[in-house]
Amino acid sequence: MDQMTFSTQSHLLYPLVLLLLPLLFIILRFHKSTLPANPPLPPGPKPWPIIGNILSLGMKPHISFAKLAQVHGPLITLQLGSQIMIIGSSPKAAREILKTHDRVCSARHVPHTLHTKSPESNHMSIVWASECTEKWKYLRTICRTELFSSKAIESQANLREDKLKEMVRYLGTKEGKEVNIVEVAFATIINVVSGLCFTKDFIQLDDEKEVGGMKQHIRTIMEVGSAPNFEDYFPILNGLDVQGLHKKFLECVRSMFASWDVLIKERKEAENSEKSTPRDVLDVLLANRFSNDEINHFIFDLFVAGSDSTSSTVEWLMAELMKNPEVMGRVREELAREINSAFVRDSDLPRLSYLNACVKETWRLHPPASLVPHRALETCKIMNYTIPKGSHVCVNLWALGRDPETWEDPLTFNPSRFLDSNIDFKGNDFELIPFSAGRRICPGLPLAAALVPLIVASMVHGLDWYLPGNICATELDMNEKFGITLLKEQPLVLIPKMRKQ
Ligand code: HEM
C-alpha cells in the first residue's frame with residue numbers, strides 16, 4: 001500500500017518538476033537582469049564631453065554643490081575632466097563617508113598645486129599624507145599627546161592669556177581708528193602657535209615686522225591652494241604647472257622653511273638643549289630625532305591648518321554680532337555678569353554658555369573648511385550607490401549647517417538653538433562637524449575650541465565696536481561680502497571704543 005502511494009506520487013512528481021524547471025530558470029534570469037551587478041554611481045548633472053561638469057564648480061564650489069544637491073539628492077557625482085568626484089551633503093551621507101566607511105574614505109586627495117617636489121615630503125605632512133600610514137599615525141600621536149591633550153591645553157593657558165592681553169592693549173591704542181578684525185585675530189593666533197612651536201612671537205601687532213613674511217606666505221598658500229588646478233582633472237597636463245600655482249606654493253614653502261631652519265640651527269647649537277625639559281614643540285621634535293625637513297613640515301601644518309580657519313571664525317562671529325545687536329547685547333550681559341577682571345581668562349570660558357552657543361552657531365553657518373577633501377582607497381557602496389576606487393570623496397560641511405531638514409530656520413543666526421541642545425562639534429553629531437569626523441578629524445580642535453571664544457570675549461569685554469562711516473549693520477551681507485576673507489573679498493573693518501566700566 002505504502003509502496004503504491006510512493007510510486008503514484010513519484011509518477012506525478014517527475015512531470016511536475018520538468019514543467020517547473022524552465023519556469024524557475026526564466027524567473028531567475030528575469031530577476032538577475034532587473035538587479036544590476038553593481039549599483040550605479042550617485043546621480044548628478046549630465047557631464048559635457050571632455051570637460052565633464054567643470055563648469056558646475058563656479059566661484060564658490062561649496063555653494064554650487066549645495067544647489068546641485070537640492071536637485072539631485074544628498075549624494076551626488078560630478079565628472080571633473082577624467083576625475084570622478086562624489087559629494088555628500090546631508091548628515092546621513094556624512095556619517096556614511098566619515099564613520100561607516102571611515103577607513104576606505106580616509107585617503108587624502110592632494111591637489112597638484114600642493115605637491116612638494118619629492119613624493120616623500122607629502123608623507124611628512126599630516127594634512128597632505130595621501131594615506132593614513134604609520135608615519136601619519138605617529139605624527140598625530142605627537143599632536144594628541146604633546147600639543148592638544150587636555151593637560152597640554154591647560155598648560156598652554158598662560159601663553160594664550162598673555163597673547164590676548166597684548167591684543168587687548170593693542171586694541172586700546174586703536175581707539176576711534178579702523179581695525180581689520182581678521183588681521184588682529186590672525187596675528188594673535190600666529191603668535192600663539194609660534195609661541196607653542198618656538199617660544200617666540202612671529203608678528204608684532206603694532207608694526208608690520210614679522211618673522212619670515214608669514215602673513216603674506218600663508219595668504220598666498222591659501223589663495224593658490226583653493227584655486228582649481230586643471231592638472232587635477234586632466235592627467236595630460238601633469239607636471240606642466242600651466243597656471244603657475246605650484247611654483248608660487250613652492251616659493252612660499254621654501255622661504256618659510258629657510259627662516260625656520262635658522263631657528264632650528266640656533267636651538268641645536270644652544271648648550272644642553274637636549275637634556276633640559278622640553279620648552280616647546282621644537283624641543284619635543286628634536287628629542288624625537290626629527291630631521292629639519294620633518295620639523296619644517298610638522299610646523300608648517302600647524303600654521304597653515306590652524307591660522308586662517310581660526311581667524312576667519314573670529315571674523316564671522318564678530319560680523320554676526322554686529323549684524324545682530326540683540327545677540328551682542330546678551331554676550332555683553334553674560335561677560336559683565338561672569339567676568340570680574342579687566343581680562344578674560346581660560347578658566348572663565350565654561351561659565352560663558354551663551355558665548356559658546358554663539359561659537360557653535362558660527363561654525364554651523366560659516367564652517368571655515370567648507371569642503372573636506374578625501375579619496376576612496378577602494379571601491380565601496382554608500383547609500384546604495386557605487387563609489388569607485390580613486391574617486392574624490394567630499395563632505396560639504398557648509399551644506400550640512402544649512403540643511404532645512406535638520407535645522408529650523410537654518411539661515412537665521414540664532415545661538416539660542418544650542419542652549420538646550422546636546423549637539424556638539426566634536427565629531428559625533430553629524431549635523432554639526434566643522435572639524436570633520438573619523439580618523440582624520442582636525443587634531444587642533446581643542447586649541448581652536450579654547451582660542452575662538454577667548455579672542456571674541458576679549459574683543460567684546462571692555463570695548464564697544466562700531467562700523468565705519470555710513471555702513472549700517474543691517475546692510476552687512478553675510479553670505480557674499482565676507483566668505484573666505486583672507487582672499488580677495490572685503491574684510492570686516494570695525495572701530496573700537498573703550499567702554500566706561
Ligand atoms: C576653527 C578652527 C579650525 C577648524 C574649523 C578646523 C577644521 C579642520 C577640518 C575640517 C579638517 C579636515 C579634516 C578631514 O580631512 O576630515 C582639519 C584638518 C586639520 N587641522 Fe584643523 N581646523 C581648525 C583649527 C586647527 C588648528 C588650530 C590646528 C593646529 C594648530 C589644526 C590642525 C589641523 C591638521 C594638522 C589637520 C590635518 C589632519 C589630517 O589630515 O589628519 N586645525 N581641520
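**Figure 1. Ser-312 in helix α12 of the predicted model.** Ser-312 is located in helix α12; helices (H or I, at least four residues) and strands (E, at least two) are DSSP runs, numbered from the N terminus. This is a predicted model in which local features need pLDDT of at least 70 and side-chain atom pairs count only at pLDDT 80 or more, whereas totals for chains, interfaces and linings use all residues. Residues are numbered from 1 along each chain as its sequence is written, and side-chain values use heavy atoms, with hydrogens and water left out. With a relative accessibility of 7%, Ser-312 counts as buried; buried means under 20% relative accessible area, exposed over 50%, and partly exposed in between (1.4 Å probe, protein chains only). A polar atom of the Ser-312 side chain lies 3.4 Å from the backbone oxygen of Ser-309. A polar contact is a pair of N or O atoms within 3.5 Å; within protein, one must be able to donate a hydrogen and the other to accept it, and residues adjacent in sequence count only if both atoms are side-chain atoms.

**Figure 2. Surroundings of the ligand and its iron atom.** Cys-442, through SG at 2.3 Å, is the only protein donor of the iron atom of the ligand. Donors are N, O and S atoms within 2.8 Å of the metal (3.2 Å for Na, K and Ca); water is not among the atoms, so sites may look incomplete. Cys-442 belongs to the loop between α15 and α16 (445-460). The ligand is surrounded by 25 residues, of which Arg-108, Arg-140, His-374, Ser-436 and Cys-442 come nearest; a residue is near a molecule or strand if one of its heavy atoms lies within 4 Å of it. Side-chain N or O atoms lie 2.8 Å from a ligand oxygen in the case of Arg-140, 2.6 Å in the case of Ser-436 and 3.0 Å in the case of Arg-440. At least two residues of the shell come from each of α5, α12 (292-323) and β5. Helix α12 supplies the largest share, six residues.

**Figure 3. His-374 and its contacts.** His-374 is part of strand β5 and, at 3% relative accessibility, counts as buried. Its side chain reaches the backbone oxygen of Cys-105 at 2.8 Å. Leaving aside residues up to four places away in sequence, His-374 touches a set of residues including Leu-98, Cys-105, Ser-106, Arg-108, His-392 and Arg-440, where contact means heavy atoms within 4.5 Å.

**Figure 4. Salt bridges linking distant parts of the chain.** A salt bridge is a side-chain nitrogen of Lys or Arg within 4 Å of a carboxyl oxygen of Asp or Glu, and the count by this rule is 23. Asp-346 and Arg-160 are joined by such a bridge, with N and O 2.8 Å apart. Asp-346 sits in the loop between α13 (325-338) and α14 (353-365), and Arg-160 in helix α7 (residues 157-173), 186 residues apart. Asp-346 counts as buried at 17% relative accessibility, as does Arg-160 at 1%. Arg-332 bridges to Asp-464, the closest N and O atoms being 3.3 Å apart. This pair connects helix α13, which holds Arg-332, with strand β9 (residues 463-466), which holds Asp-464, across 132 residues. Arg-332 and Asp-464 are both buried.

**Figure 5. A salt bridge within helix α5, and a salt-bridge network.** Lys-137 forms a salt bridge with Glu-134, the closest N and O atoms being 3.3 Å apart. Both residues lie in helix α5 (residues 134-147), three residues apart, about one turn of the helix. An α-helix has 3.6 residues a turn, so residues three or four places apart point the same way. Lys-137 is partly exposed, at 40% relative accessibility, whereas Glu-134 is exposed, with a relative accessible area of 59%. Elsewhere, a network of salt bridges links Arg-267, Arg-279, Asp-280 and Asp-283.

**Figure 6. Packing of helix α2.** The twelve residues of α2 (residues 61-72) reach 16 Å from first C-alpha to last, close to the 16 Å expected; the expected span is 1.5 Å times one less than the number of residues. Its buried residues include His-62, Ile-63, Phe-65 and Leu-68. The buried residues of α2 pack against β1 (75-80), β2 (83-88), β5 (371-375), β8 (392-396) and α15 (397-401). Gly-73, just after α2, has a positive phi of about 115 degrees.
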